[in-house]
Every structure is written in C-alpha cells, then in structure tokens.
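Thank you all for coming; I would like to take a few minutes to walk through one model, and I will try to keep to what the coordinates and the database record allow me to say. Please have a look at it first.

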Amino acid sequence: MATETNRRRLFATEKMGGRAVYRFQAATMAAGILLVLYYRATRVPAAGEGRAAWVGMLAVELWYAVYWVITQSVRWCPIRRRTFKDRLAERYKEQLPGVDIFVCTADPHSEPPSLVISTILSVMAYNYPSEKISVYLSDDGGSILTFYALWEASIFAKKWLPFCKRYNIEPRSPAAYFSESGGHHNLLSRKEWSFIKELYEEMTERIDTAVMSGKIPEEIKLKHKGFDEWNSEITSKNHQPIVQILIDGKSQNTVDDDGNVLPSLVYMAREKRPQYHHNFKAGAMNALIRVSSVISDNPVILNVDCDMYSNNSDSIRDALCFFLDEEMGHNIAFVQYPQNYNNLTQNNIYGNSLNVINYVEMPGLDSAGGCLYIGTGCFHRREILCGRKFSKDYKEDWNRGIKERGQKNINEIEQMAKSLATCSHELGTQWGDEIGLKYGCPVEDVITGLAIHCRGWKSVYMSPQRAAFLGVAPSTLAQTLLQHKRWSEGNFTIFLSKYCSFLFGHGKISLQLQMGYCIYGLWAANSLPTLYYVMIPSLGLVKGTPLFPEITSTWATPFIYVFCTRIIYGLYEALLSGDTLKGCWNGQRMWMIRRITSYLYGSIDTIRKLLGLSKMSFEVTAKVSDGDEAKRYEQEIFEFGSSSPECVIITTVALLNFVCLVGGLSLWNMPWNVFLLQFILCGMIVIMNIPIYEAMLLRKDKGSIPSSVTLASVGFLMLAFLVPIV
Ligand SMILES: O=c1ccn([C@@H]2O[C@H](COP(=O)(O)OP(=O)(O)O[C@H]3O[C@H](CO)[C@@H](O)[C@H](O)[C@H]3O)[C@@H](O)[C@H]2O)c(=O)[nH]1
Ligand SMILES: [Mn+2]
C-alpha cells in the first residue's frame, strides 16, 4: 500500500546528508561560544585599563552568539525536492492549468528593452501548451521604447517559438542562446540557425538604435495602434493607464509560422500621477494581478524580474508537480526557484553568488515550513496571493481561467483592464495589505511570503539540476552595496515592525521558521558589531590594551576553536555550494564590506524611517555597465571610482588596520603572548583588504580609489587614534 501511494506522488523529499558532521560541529561550537562568553564576563579589567573596550567586546560577542544560534535554525535538517514530470504527464496529459507570467521592468536605461524581451521570449517558449500561457509585461518606466521592443518581440515570436520547439533548444532566451551556442547547432541545419540568428540580431539592433536615439521611426508607429498612447506630454511619472494586448491567444488568426497558437502577450503601464504613491514593484504586481484577471485569469502565476530569463523550459511542469500532488499539493502556496546569475565571474568578486543561501539556507527554510518568497522565479497560486486563508476543505479550481472571450471585443477588454490599472482603483480597498503584495517595505516579496505562511500555507523550494532562471547580478561594488542596502533595510524593517516573525508568526509558523526569517531580518543589525570588531581590537594593539587571553593561557583555546571552526565550516559550506576557494575568500571580504557599509546604511535608514524622518525608496539596480567597468569586472578587479561615503568607510577601516599592524610590529618591547590573538585578527583584516590598498596606492585606472577618498579617510584615521581606549 505504501509503495502504491509513493508511486502516485508527484514529488519526493529527501534529507540532506552530512548532518552528523554538522551537529558535532554545532555542539562543540556552542560549547566554545559559552566558554568565550564566560571568560569575557568574568575577567572584566579595572576602570582605566580598557574596561569599556572589554565590555564592548563582551556585547559584540554576545550578539554574535545570539546571531549564530539564529543561523543554526536552517542548518538543522535541510531537504531537497525532486519531481516526477513523467507521472504528471501520464496523469494529466495536456489537461493542465493555465499560467499567467508576470515580468516587471522599470526603466529602459538601466534595464535595456532588448534584455527585457529576451526574457519575455524565453517565458513564451516554455515546454507547455501555448494556449495556456499568457505573458504580461509591466513597464513602470511607461516607455514607448519598451512598448516598441515588445511589439518587435511579438513578431519575432512567430519564428522563435517554432524554432525552439522543433529543435528542443535550451536556453530559450535568444540572447543567451546565441551567445553560448557554439556546439548547439549541429543538430539543426546551419542555414536555419543563421537565419534566425540574423533576424534576432537585426531586431536587437533596431531596438538598441531606437533606445539610443530615444525615438521610434514614424513609419513603425503606424503599424500598431498602441503607439498612439504616447504623446509628448507623457513622462514616466505622469501618464494614463496603458494596456495593449499585442498577441491575443484567444483569436484563431494569431498563430506562429508553424500554424500553432501563440501565448497571449500583454503590455501594461499602470497609471502614474505625481500625487499618488505607486508602491514600486509591489504596486506593479498588484496591477498585473487585476489586469490579468480580466484577460486570462489563470490559477497559477509565475513572476520574474525582467533580467531573469527562463533557462529551463520544464520549470512550469516542475512547479505543477508540487501544486497537483494529491497528498501535499493542497497546502502549497508557492514554489520558489533559486536566484541564479549568468554574469558571475569565476571567483565571485563581489560575493553575489548567493550560493550558500541557495544551497544551504533555502533548503533549510523549506524544511522549517516554507522557503521565503524572493520576488523572482516564483510560482504562486493566484487565489492565495490574493489573500485566501488556509482551510482543509478548500479545493483549487485548476480549470479556472478565461478560455473564450464571448461577445466582448479586444478593445472592450483593454478598456476594462485599464480601469483596473488606475491610481485611484486601490483607494479604500485591501490591496497592498490583505490582498496581493504588501506595500511599504523595500522587500515586498519577503513580507508577502511571510504573510502567506502566517495564513497557514506552506511553500517549497525547488532547485533543479539545470537552473530554472538566470539573471544579471550587480557588476560593480556600488551596485552590489546598493542592492544589499535595500535588502538589509527591507528585512530589518520587517523585523522592527508588527510583522516581526517572532510576533506575527507566533503560533502560526514553527519557531524554526520564525528564526529563519530573522537571519535576514537581522543582517542589518550585524553592522555595528562588525565595525567594532574590525576597529577596536586593532586600535588596542597600538595603544597597549589587551582584549584577548594570552596565547599561553588555556583560555585562548575556545577563542581559537570558535574562530577556526567558524572559518572552516563556512569554507566547507561554501565549497560544497559551488564556490571556488578564491571565491570563498572574496566572499569573506564582501561580507565584511557589506556589513560595515550597506548594512550600516540599511540600519540607519530603517531607524530614520521609523522616526518618520525619511520615506521608503526602491532604487533599481542597473543591468548594464559601461565598457571599461565591464572589462574590470571580467578581470575581477575591484571597482571603486566614486567618492561615496561607503568608499570612505571601507578605506578608513583598511588604513586603520594597516597602520595598527605596522605600529604594533614596531613596538618591539610588546609582550607578545598577550597580544598575539589581537595581532592575528588585525593581520587577517589587512590581508583581506589587499585589493583596497592596491586600489588606493597602485592602480591608476578609473576604478581606483580617488585621492579625495584617501585624504578623507586619513582624516578619520587621525580622529580614531585620538579617541582613548578606556
Ligand atoms: O518601481 C519599481 C521598481 C522595481 N521594479 C522591478 O523590480 C524588479 C527588481 O528590481 P532590481 O533592481 O533588479 O532589484 P533586485 O535587488 O535585483 O531584486 C530582488 O529584490 C527585490 C526586493 O528588494 C525583489 O523585488 C526582486 O524580485 C528580487 O529579484 C525589476 O524587474 C524592476 O524592474 C518595478 O517594477 N517597479
Ligand atoms: Mn535584479
């Protein structure tokens, strides 16, 4: 009987190995941490002999201990999921639910329309019945250039989709396919391959030219009524709602070159008026939910960022294996795929790979009751995204969806859709609160996912062998820090609000999951302790204030043990997750840099917001960079180049440690056994900062550190040395 039910299951869940090693490590680490804290608490020096600094160390170590405990929640028993698509096919044939796919873009300059449409084409070409797919692009830039690109894509799709399906190619983003397919085309005729490639390149060139000049040729504007929506008065922040159905999948005469139906394709720019707040991506998503409800209203919604193309044409079927599973499917609200990137350099210079999050933490959250919703690469059930509470007897109507248009013509539908995308539509409603994505948080995704979990639903994390989605990671230091500022600020905002997982989730989600949410909720809170740890012990070195036990004392053992185990286990996790050795090292550096800059700014801005001193913002990260910058990124050379305050903090810390190390070395009569641990810590920080010294002193390119930054940090350095350590 048991095997019979197992045979029917559409997915399997497996425990991840290596738990014995992990638990041994965790237990000894816990003991080590307790000893360290005990030592700190019982050896406080007398006033004037560094008592304040010592108590500070105690506070910081106490904080790290708490944070360490929190991060263990997701490491206890991570799981993996595997799907059985053959069983899905066998059981449902082509009787599968419809899927609405939402793509969001916000600015034609930092998110080039040619990149956006490659993503669009990739999701149109899923290995799934086309009549069941509707693709929606939300353009928060309200740009005719993006609309033009989408119109071009609607024509190219007629060639591209048959081509993808005939030769079963991967990936189905034309940009990605043609840039990587050296050997791909031996299956298909070279002529056909070159023909499609040429068509694609010509189209991209037309789009890029239009974007560069900022204008669409008049003769093109005559080809679609949609262009009439734009006039000279329209700006990205002030325009009427625009909805244009570019491909109407419900009409018999829109077919591809092989005569097959095409997926519907819809352009939407919701209304924007200066006097109404637009709530960034969450606002766009909510408008999409409503607009799609009168055009296709499919029960499943996939949402991706405009740079996240589909790299695996089976992802819809994989996701359905969870939703349609007879035993567990009824309580699964969303299926989240990892956020992977296609532009990472080999050694992950800005630590953007998210490997450990993807490989260790997300599977751990999954085991705790649900991985987070991370805004892209996620399949939702429409009904649940719209606020439905969990109940045992609720049965999803997988046949839901508008199949026929009936009497209405396309114009009437567009008018109806427009009325749902106006600024005033949400006034006095629950949208942005109980319905749809939540407003007011820079990580609208995480808070929305939390609310869904707290309404009683589960979610699953699916990481197939072949990545389901690939996107563009920030490729400069400034962009990386900007992104992490938004993330840390957003999650900290949640932590300090009534949505704090411990309060809001109490009694609704497992303690383990409550802790899991806090790993990110408290990212920002790590900033001050880290700043303290990278500065005060080093300063103590030159000022003769010992802050660690003597190396000859037995008390040195727990310190060394905790320190080394932390590094070694971290290294083991990172290597296991796919980082290179050098990548891990770079990752460590970026952890430090992010904590003393992004997270610091994130915390400050969160507090300012709480006090009503500033408003929420959402700065889009650029998906393109200029020639020289791009080259340095390829060569993994750190990009500074700006005189931002973040840069000043980074250089100040780097210089401070260098001076302290040299200063410490020159104090010959220093009692070495007393200061050795402090010395090692300072030395490690200096080694970690080598690229910073290079950028400050040796490099002459545009990405090096401007001398104004160096000067400013020398100023701060002197201030730092003036402060006495008491
Ligand atoms: O007013 C806005 C601002 C942004 N976006 C879109 O939101 C997406 C994410 O923006 P991006 O600048 O790429 O941010 P990331 O940090 O890369 O995004 C991650 O983090 C965000 C939350 O901070 C989530 O919304 C994203 O899904 C997730 O990929 C992009 O498609 C944008 O076009 C809008 O549609 N409207
Ligand atoms: Mn992005």
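Which residues does Asp 140 touch, not counting residues up to four places away in sequence? Before I answer, please keep in mind that this is a predicted model. The residues in question are Thr 105, Ala 106 and Ala 284. Asp 140 itself lies in the loop between strand S4, residues 133-139, and helix H6, residues 144-167, and with 25 C-beta neighbours inside 10 Å it counts as buried, the cut-off being 20 or more.

I begin with Asp 140 because the UniProt record, in an unreviewed entry, lists it together with Glu 111 under "binding site", and although the two span 30 residues in sequence, no two of their C-alpha atoms are more than 11.2 Å apart, so they gather at one spot. Glu 111 sits in the loop between strand S3, residues 99-105, and helix H5, residues 113-124, and Glu 111 is likewise buried, with 25 other C-beta atoms within 10 Å. If we leave aside its neighbours within four places in sequence, the contacts of Glu 111 are Thr 105, Ala 106, Val 116, Cys 306, Asp 307, Val 620 and Lys 623. Thr 105 and Ala 106 thus appear in the contact list of Glu 111, and they appear in that of Asp 140 as well.

The UniProt record, again as an unreviewed entry, also places the feature "binding site" at Lys 281 and Asp 305. These two are spread over 25 residues of sequence, yet they cluster in space, with a largest C-alpha distance of 9.7 Å. Lys 281 belongs to helix H10, residues 280-295, and is buried, having 23 other C-beta atoms within 10 Å; beyond its neighbours within four places in sequence, Lys 281 is in contact with Cys 104, Glu 444 and Phe 618. Asp 305, by contrast, is found in a strand, namely S7, residues 300-305, and with 24 C-beta neighbours inside 10 Å it also counts as buried. Asp 305 touches Cys 104, Gly 375, Thr 376 and Gly 471, again not counting residues up to four places away in sequence, so that Cys 104 is found both in this list and among the contacts of Lys 281.

Let me turn to the sheet. In what order do the 8 strands of the open sheet run? The order is S5-S6-S4-S3-S7-S11-S9-S12, and the pairing is mixed. At the edges stand S5, residues 242-247, and S12, residues 458-461, each with a single partner strand, so one side of each is left without a neighbour in the sheet. Neighbouring strands are turned by 20 degrees against each other on average, direction ignored.

At one edge, S5 runs antiparallel to strand S6, residues 264-269, and 5 bridges join the two; Val 243, for instance, has Met 268 as its bridge partner in S6. At the other edge, S12 is joined by 4 bridges to strand S9, residues 332-336, and here the two run parallel, with Ile 332 standing opposite Lys 458 in S12. Both faces of S12 are covered, since Lys 458 and Val 460 on one side and Ser 459 and Tyr 461 on the other are all buried.

Now to a pair of helices. Helix H12, residues 355-367, packs against helix H20, residues 556-576, at an angle of about 100 degrees, with the axes 8 Å apart, and the two are therefore roughly perpendicular to each other. Asn 355, Val 356, Tyr 359 and Val 360 of H12 make the contact with Glu 573, Ala 574 and Leu 576 of H20, and these residues divide into 5 nonpolar, 1 polar and 1 charged.

Also in H20 is Leu 571, which counts as partly exposed with 16 C-beta neighbours inside 10 Å. Leu 571 and Ala 53 are 518 residues apart in sequence and 30 Å apart in space, C-alpha to C-alpha.

Is Glu 205, my last residue, buried or exposed? With 11 C-beta neighbours inside 10 Å, Glu 205 counts as exposed, and its place is in helix H8, residues 190-213.

Technical notes:
Residues numbered from 1 in each chain as written. Chains lettered and ligands numbered in written order. Predicted model: local features only at pLDDT ≥ 70, side-chain atom pairs only at ≥ 80, totals over all residues. UniProt positions renumbered as here; feature names shortened; annotations may be inferred. Buried ≥ 20, exposed ≤ 12 C-beta atoms within 10 Å, placed from the backbone. Contact = placed C-beta atoms within 7 Å. Pairing = 2+ DSSP bridges. Axes fitted to C-alpha atoms, helices over the stretch in contact; angles between N-to-C directions. Parallel < 35°, antiparallel > 145°, perpendicular 65-115°, else oblique. Nonpolar A, V, L, I, M, F, W, Y, C, P; charged D, E, K, R; others polar.
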